[in-house]
Amino acid sequence: MSDPPWRRPARPYTPGVPAWGATRAQARERFASVPLESVSPEWAWGGADGSGVRVCVVDSGVEGGHPMVGPVDLAMTAATAEDGEVEMVPCEPTDRAGHGTACAGVIRSLAPGVSVSSVQVLTDGKTGSGPALIAGLSWAVEQNFDVINLSLATTRPALTAQLHELADRAYFRRCALVVSAHNRPVTSYPWSFSSVISVASHDEDDPMTYYYNPAPPVEFHARGVRVPVAWPGGGTIRSTGNSFAAPHISGLCALILGKHPWLTPFQLKTVLFLCAGNTTGRLGGAHDETR
């Protein structure tokens, strides 16, 4: 199987065709399509376990071997070099604060077959520097992960331009960047950018139930209240926050991409919309059975 189009080298400039254009032969490449009325939860993720999908959790680290997490394939941390620059270096799959392990456990609970990797950008106080966030997220995008879970946000306006560029870069590289909204009603980033999949909480217990929000910037609501989550040391706790809603959508994205790996981020968003619990008109009901 050839490389998918988005990972091929840049198309060479063709004399007579404006830059970024395509010749007749190049434009005839065919892609599969699915009638919208055929898209249902069964079509989207029925029978899938996320196998073949690479998910990266950019957070406080992930505890490898936790019963709710399993193995961590790659673990990196943001480290400050002697020249003051932040660089990404390999590390043990450990967690400084528990937050990343909790997110990874949610993803694994929905999509047990995924490959989970960790990028550590937060400290033991669940805080981190702007350069660490930029370095960690850049590394994850450049590694071509299929799904990146970012259950954190920054209120620093100085980071807006870099985060916006990174979110757009992820979008065009077909990395589904799933980002939680801030827990407080403050201006923050990057969840409010249109190129990411933004998530906030609902208070129901079903991990597979989610809703489309017609009043963005938050696009989807998923389980985020009193969620049972993994915690370092092999334990579990219940916790509340948009941080735990986002990995529910990341897990669903992994299931969908496991069955339909050619979906672009905007197609993936469309599938999520069509399968949301409050979407009507497809098959005559508000919500199809999802199991």
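**Exercise 1.** Leaving aside neighbours within four places in sequence, which residues is valine 218 in contact with? Determine also where valine 218 lies and whether the residue is buried or exposed.

*Solution.* The model is a predicted one.

Step 1. Place the residue in the chain: valine 218 belongs to the loop between β8 (210–212) and β9 (220–223).

Step 2. List the contacts. Once neighbours within four places are set aside, valine 218 touches Ala181, Trp191, Ser198, Val199, Ala200 and Asn213.

Step 3. Judge the burial. The relative accessibility of valine 218 is 11%, and buried means under 20%, so valine 218 counts as buried.

Step 4. Consider a distant position. Glycine 125 is 93 residues from valine 218 along the chain, and the C-alpha atoms of the two are separated by 26 Å.

**Exercise 2.** State how many disulfides the protein has, and examine cysteine 103 and cysteine 253.

*Solution.*

Step 1. Recall the term: a disulfide is a covalent bond between the sulfur atoms of two cysteines. The cut-off applied here is a pair of cysteine sulfur atoms within 2.5 Å.

Step 2. Count. By this rule there are zero disulfides.

Step 3. Check cysteine 103. The nearest cysteine sulfur belongs to cysteine 56 and is 12 Å away, and cysteine 103 is in no disulfide. With a relative accessibility of 0%, cysteine 103 counts as buried.

Step 4. Check cysteine 253. Here the nearest cysteine sulfur is that of cysteine 275, at 11 Å, and cysteine 253 is likewise in no disulfide. Cysteine 253 has 0% relative accessibility and therefore counts as buried.

**Exercise 3.** Describe the protein as a whole, from its secondary structure to its surface and charges.

*Solution.*

Step 1. Count the elements: the secondary structure consists of seven helices and eleven strands.

Step 2. Assess compactness. The radius of gyration is 19 Å, close to the 19 Å that the globule rule gives for 291 residues, so the protein is as compact as a globular protein of that length. The C-alpha trace spans about 55 × 55 × 35 Å along its principal axes.

Step 3. Turn to the interior. Of the 291 residues, 50% are buried. Among contacts between residues at least 6 apart in sequence, 69% join residues at least 24 apart.

Step 4. Turn to the surface. About 13,700 Å² is exposed, of which carbon and sulfur atoms supply 54%.

Step 5. Consider the charges. There are 22 positive and 26 negative side chains, and the centres of these two sets lie 7 Å apart.

Terms used. Residues numbered from 1 in each chain as written. Predicted model: local features only at pLDDT ≥ 70, side-chain atom pairs only at ≥ 80, totals over all residues. Heavy atoms only, no water. Helix = DSSP H or I, 4+ residues; strand = E, 2+ residues; numbered from the N terminus. Rg over C-alpha atoms; globule rule 2.2 N^0.38 Å. Buried < 20%, exposed > 50% of the residue type's maximum accessible area, 1.4 Å probe, protein only. Contact = heavy atoms within 4.5 Å. Areas by Shrake-Rupley, 256 points an atom, 1.4 Å probe, with all protein chains shown as cover. Lys, Arg positive; Asp, Glu negative; His and termini not counted. Charge placed at Lys NZ, Arg CZ, Asp CG, Glu CD.
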